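Me: Could you walk me through a few features of this model? I'd like short answers with the reasoning spelled out.

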Amino acid sequence: MPSIDSFYETDKAISEYLLFHYGTEELFKGPSEALDFAKRCAELALRHPIKLGRALDLGCAVGRSACELSAHFDETIGIDFSHGLIAAAERIRNGASIDTEIATEGKLTEKITLTLPPKARPDRLHFQQGDAMQLPTDIGTFDFALLANLIDRLPDPARCLQSIGKTINSRGVLAITSPYTWLAEYTPEDKWLGGYLRDGEPVLTYQSLQEILSPEFEELEALDMPFLIREHTRKNQYSIAHATLWRKR
Ligand SMILES: C[S@@+](CC[C@H](N)C(=O)[O-])C[C@H]1O[C@@H](n2cnc3c(N)ncnc32)[C@H](O)[C@@H]1O
């Protein structure tokens, strides 16, 4: 279980994720296809026929994908382990504009103000603190579940994926994105889904996802999703998440 004093509870994480999710394109010098990652994650829901009933954003951070999903689904729930990230998501949902400082150059910063995306439907959107490893028993079931850049931050991702099917309706869609950045500080090495040798052969996360999910899900597609995390005006971290979409049988 992640600890309450983890990185994701710090002011730095809250500020970084506010910028990553809600920052407008002028704030990023970089390839345009890598912008608005959280919005593009929500758009994964619309790539295949789907019932627009209930959507779940697990590991939602400050909630941009959930906000975007609320424009389409009758009800969207965003869950994150971090109390601080959920509090920021909830402030945005309530219509507050949030000020945050972002690094520009050296010791200099700039204040930016972030607000609810125009299409979000706060009345259809709910945020709650919770653990992806142990979802509340009364959470119900969903037509769409998004796990964006979550699996390589979990202590036992296989266990999470083996139980996620229970929360997805038959014919519902599961979307997983991840750069597969396995780190022992989040996931003990014996729980990694890939990135190591077994009997001299490489184990890749994509193969493990197929093995874990195939009993309950049919694979719909796999695609690359680049994203930028801004460090300062002239420095961004560029990553390419692998997105895989799955239909519950
Ligand atoms: C790399 S961030 C991704 C955030 C967001 N989905 C995105 O794509 O921008 C990982 C998120 O997972 C959350 N998280 C980590 N462990 C979790 C757990 N056990 N249950 C729920 N959320 C968790 C963190 O607090 C953080 O918000």
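Reply: Here come some questions and answers on helix packing, the sheet, a loop residue and backbone angles. This is a predicted model, where local features need pLDDT of at least 70, side-chain atom pairs count only at pLDDT 80 or more, and totals for chains, interfaces and linings use all residues. Residues are numbered from 1 along each chain as its sequence is written, and side-chain values use heavy atoms, with hydrogens and water left out.

Me: How are H1 and H4 oriented to each other?
Reply: Helices here are DSSP runs of H or I with at least four residues, and strands are runs of E with at least two, numbered from the N terminus. The axes, lines fitted to C-alpha atoms over the stretch in contact, with angles from 0 to 180 degrees between N-to-C directions, come within 10 Å for H1 (residues 11–22) and H4 (residues 83–93) and cross at roughly 45°. Angles under 35 degrees count as roughly parallel, over 145 as roughly antiparallel, 65 to 115 as roughly perpendicular and the rest as oblique. H1 and H4 are therefore oblique.

Me: Which residues of H4 make the contact with H1?
Reply: Contact means heavy atoms within 4.5 Å. On the H1 side you'll find Ala-13, Ile-14, Tyr-17, Leu-18 and Tyr-22. Their partners on H4 are Gly-84, Leu-85, Ala-88 and Ile-92.

Me: Which strands are the edges of the open sheet?
Reply: Two strands pair if DSSP finds at least two bridges between them. The sheet has 7 strands with mixed pairing, in the order S5-S2-S1-S6-S7-S11-S10. Pairing on one side only are S5 (125–129) and S10 (217–232).

Me: Which residue in S11 does Leu-174 stand opposite?
Reply: S7 (residues 168–178) and S11 (residues 235–248) run antiparallel, joined by 6 bridges. Across from Leu-174 in S11 is Trp-246.

Me: What is the relative accessible area of Thr-233?
Reply: Thr-233 sits in the loop between S10 and S11. Leaving aside neighbours within four places in sequence, Thr-233 touches Lys-29, Ala-103 and Thr-104. Buried means under 20% relative accessible area, exposed over 50%, and partly exposed in between (1.4 Å probe, protein chains only). Thr-233 counts as partly exposed because its value is 25%.

Me: What is the phi of Tyr-180?
Reply: Most residues other than glycine have a negative phi. Tyr-180 lies in the loop between S7 and strand S8 (196–198). Although Tyr-180 is not a glycine, its phi is positive, at about 55°.
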